[in-house]
Amino acid sequence: MAGEPTCARYPSRCIEFRDINLEPTALARFGAGVEDVRRRLYGVDAEGRLFVGADCAIEVWRRTPVDAWLARLLGLPVVRPIARFGYDRFADLLYAWNRRNGHW
């Protein structure tokens with residue numbers, strides 16, 4: 001529709017990725033620093049709500065039309081705790097691997 005905001009028609013275009021290495025204090029108001037963000041994915045929506053880890057991934061997928069089904073599935077009350085657990089274990093392994101290989 002003409003005049004409709006881009007975010008309403010294309011929600012994934014409203015996702016802005018920021019590099020914590022370039023903006024180390026970007027999440028300071030939430031008590032999160034560079035090492036926190038290196039361990040888990042962090043996101044803040046337009047209303048200022050913070051999403052961390054699997055919850056952040058679910059929110060990104062929710063705003064991405066092709067992946068919205070994945071957000072609905074992993075966001076189910078019975079599935080979300082399992083998704084969080086799996087995400088956290090994977091994130092711990094990835095963080096350890098990156099530290100061990102001197103990526104930071």
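What share of the 104 residues in the protein chain is buried? Keep that in mind as you open the viewer: buried residues make up 22% of the chain. What you have on screen is a predicted model, so let's walk through it one selection at a time.

**Stop 1: the whole chain**

Start with a cartoon view of everything. You should find five helices and two strands. Follow the chain from its beginning and the elements come in the order α-α-β-β-α-α-α. If you switch on contacts between residues at least 6 apart in sequence, 33% of them join residues at least 24 apart.

**Stop 2: Phe 30**

Now select Phe 30, in the loop between helix 1 (6-9) and helix 2. Phe 30 counts as partly exposed, because its relative accessibility is 29%. Show what surrounds it: neighbours within four places in sequence aside, Phe 30 is in contact with Val 44, Gly 48 and Leu 50. Add Arg 49 as well, and draw a line from C-alpha to C-alpha: Phe 30 and Arg 49 are 9.9 Å apart in space and 19 residues apart in sequence.

**Stop 3: Glu 35**

Move along to Glu 35, which sits in helix 2. With a relative accessible area of 31%, Glu 35 is partly exposed. Its side chain makes a 2.8 Å polar contact with the side chain of Arg 38, and the two residues also form a salt bridge. Where do they stand relative to each other on the helix? Arg 38 and Glu 35 are three residues apart in helix 2, so about one helical turn separates them.

Next, look for partners from elsewhere in the sequence. Setting aside neighbours within four places, Glu 35 is in contact with Tyr 95 and Arg 99. Then select Trp 104: it is 69 residues from Glu 35 along the chain, yet their C-alpha atoms are separated by 9.6 Å.

**Stop 4: Glu 59 and the core**

Jump to helix 3 (residues 54-62) and pick Glu 59. Buried or exposed? Glu 59 counts as buried, because its relative accessibility is 13% and the cut-off for buried is under 20%. Show Arg 63 too, and you'll see the side chains of Glu 59 and Arg 63 meet in a salt bridge of 2.5 Å, N to O.

Now for the nonpolar side of things. Select Ile 58, Leu 70, Ala 71, Leu 74 and Ala 83: these five residues make up the largest nonpolar core. Helix 4 (residues 68-74) gives the largest share of this core, three residues. In soluble globular proteins, nonpolar side chains tend to be buried together.

Zoom in on Leu 74. Not counting residues up to four places away in sequence, Leu 74 touches Ile 58, Trp 61, Val 79, Arg 80 and Ala 83.

**Stop 5: helix 5**

Select residues 80-100, and you have helix 5, with 21 residues. From its first C-alpha to its last it reaches 30 Å, close to the 30 Å expected at 1.5 Å a residue. Colour Ala 83, Ala 91, Tyr 95 and Asn 98, which are buried. Turn the view so that you look down the axis: the buried residues of helix 5 fall within an arc of 90 degrees, so they line one face. Helix 2 (34-39), helix 3 and helix 4 are among what covers these buried residues.

Spin to the face turned away from the buried side, and you meet the exposed residues Ile 82, Phe 85, Phe 90, Leu 93 and Arg 100. Just after helix 5, click on Gly 102, which takes a positive phi of about 65 degrees.

**Stop 6: the charged pairs**

How many salt bridges are there? The count comes to 12. Side chains of opposite charge can pair when their charged atoms come close.

You've already visited the pair of Glu 59 and Arg 63. From there, select Arg 40, Asp 88, Arg 89 and Asp 92, which are joined into one network by salt bridges that share partners.

For the last selection, try Arg 18 and Glu 23, whose closest N and O atoms are 2.7 Å apart in a salt bridge. Arg 18 counts as exposed, because its relative accessibility is 54%. Glu 23, at 27% relative accessibility, counts as partly exposed.

Notes. Residues are numbered from 1 along each chain as its sequence is written. This is a predicted model: local features need pLDDT of at least 70, side-chain atom pairs count only at pLDDT 80 or more; totals for chains, interfaces and linings use all residues. Side-chain values use heavy atoms; hydrogens and water are left out. Helices (H or I, at least four residues) and strands (E, at least two) are DSSP runs, numbered from the N terminus. Buried means under 20% relative accessible area, exposed over 50%, partly exposed in between (1.4 Å probe, protein chains only). A nonpolar core is a set of buried Ala, Val, Leu, Ile, Met, Phe, Trp, Tyr and Cys residues joined through side-chain atoms within 4.5 Å. Contact means heavy atoms within 4.5 Å. The expected span of a helix is 1.5 Å times one less than its number of residues. The arc is that of the directions from the helix axis to the C-beta atoms. A salt bridge is a side-chain nitrogen of Lys or Arg within 4 Å of a carboxyl oxygen of Asp or Glu. A polar contact is a pair of N or O atoms within 3.5 Å; within protein, one must be able to donate a hydrogen and the other to accept it, and residues adjacent in sequence count only if both atoms are side-chain atoms.
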